[in-house]
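Please look at the sequence and the model, and then follow the explanation below. It goes from the sheet to single strands and then to side chains.

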Amino acid sequence: MKKLIAGFAACLLLGGCAMTLPVRGQAGDGSETFTGSATGYADGAGNLTITSNKGRKCQGDFVYVNNRQGSGTFTCSDGSSGPFNFVSTGMRGTGTGTLGGKPFTFSFG
């Protein structure tokens, strides 16, 4: 754990660091599942990319609003879009949002 913290601190000091984590999620009614990745940067911004089992691709940009919570907006290949929010421990987290007005949930890490 000390090595992880030291590595992260060095990364922040040197700048330009990013962390990419896997993402899994599903539509609120269970009709669609998603997989993808989330990349967070040292400046508190990041992006999240997911693809559904039905072929829909969505990309979103996010920012941390404090040290544990963030929010962003998805835009998808079928024209749908929507906001999302998440809570993070740094290495994993959970989130909720809407795509085309329909709820979805996701986890990362």
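Two strands count as paired if DSSP finds at least two bridges between them. The model shown here is predicted. With that rule in hand, strand 2 and strand 3 can be described as a hairpin with three residues between them. In the turn of this hairpin, G44 has a positive phi of about 95°. Strand 2 and strand 3 run antiparallel and are joined by seven bridges. One example is S37, whose bridge partner in strand 3 is T49.

The next hairpin is built from strand 3 and strand 4, with four residues between the strands. Here G55 takes a positive phi near 90°. Strand 3 pairs with strand 4, residues 57-64, in the antiparallel sense over seven bridges. Within this pairing, L48 stands opposite G60 of strand 4.

How are the strands arranged as a whole? Eight strands make a closed barrel in the order 1-2-3-4-5-6-7-8, with antiparallel pairing. Neighbouring strands of this sheet are turned by 25° against each other on average, direction ignored. Strands of a sheet pair through backbone hydrogen bonds, and the pairing may be parallel or antiparallel. Further along the barrel, strand 6 (residues 81-88) and strand 7 (residues 93-99) run antiparallel and are joined by five bridges. V87 faces T94 of strand 7 across this pairing.

Now consider the side chains of strand 3, residues 45-52, which alternate. G46, L48, I50 and S52 point to one face and are buried. A45, N47, T49 and T51 point to the other face and are not buried.

Two residues in or beside strand 2 can be looked at one by one. G40 lies in strand 2, residues 33-41. Its relative accessible area is 24%, so G40 is partly exposed. Leaving aside residues up to four places away in sequence, G40 touches C17, A18, M19, A45, G46 and F62. The C-alpha atoms of G40 and V63 are separated by 8.7 Å, although these residues are 23 residues apart along the chain.

E32 is found in the loop between strand 1 (18-27) and strand 2. Is E32 buried or exposed? E32 counts as buried because its relative accessibility is 7%, and buried means under 20%. The side chain of E32 makes a polar contact with the side chain of R56, at 2.5 Å. With residues up to four places away in sequence not counted, E32 touches G25, Q26, A27, S52, N53, K54 and R56.

The last topic is the aromatic rings. The count of aromatic pairs comes to 10. In one pair, the rings of F62 and Y64 have their centres 6.1 Å apart and their planes at 80°, so the pair is edge-to-face. F62 counts as buried at 6% relative accessibility, whereas Y64 is partly exposed with a relative accessible area of 31%. F86 and F108 form another edge-to-face pair, at 5.8 Å centre to centre and with 85° between the planes. This pair links distant parts of the chain: F86 is in strand 6 and F108 is in strand 8 (residues 102-108), 22 residues apart. F86 counts as buried at 6% relative accessibility, and F108 is buried with a relative accessible area of 9%. F62, Y64, F86 and F108 are among the members of one aromatic cluster, which also includes F34, F74, F84, F104 and F106.

Definitions and conventions: Residues numbered from 1 in each chain as written. Predicted model: local features only at pLDDT ≥ 70, side-chain atom pairs only at ≥ 80, totals over all residues. Heavy atoms only, no water. Helix = DSSP H or I, 4+ residues; strand = E, 2+ residues; numbered from the N terminus. Buried < 20%, exposed > 50% of the residue type's maximum accessible area, 1.4 Å probe, protein only. Contact = heavy atoms within 4.5 Å. Polar contact = N/O pair within 3.5 Å; in protein donor to acceptor, adjacent residues only side chain to side chain. Axes fitted to C-alpha atoms, helices over the stretch in contact; angles between N-to-C directions. Phe/Tyr/Trp six-rings, centres within 6.5 Å; stacked < 30°, edge-to-face > 60°.
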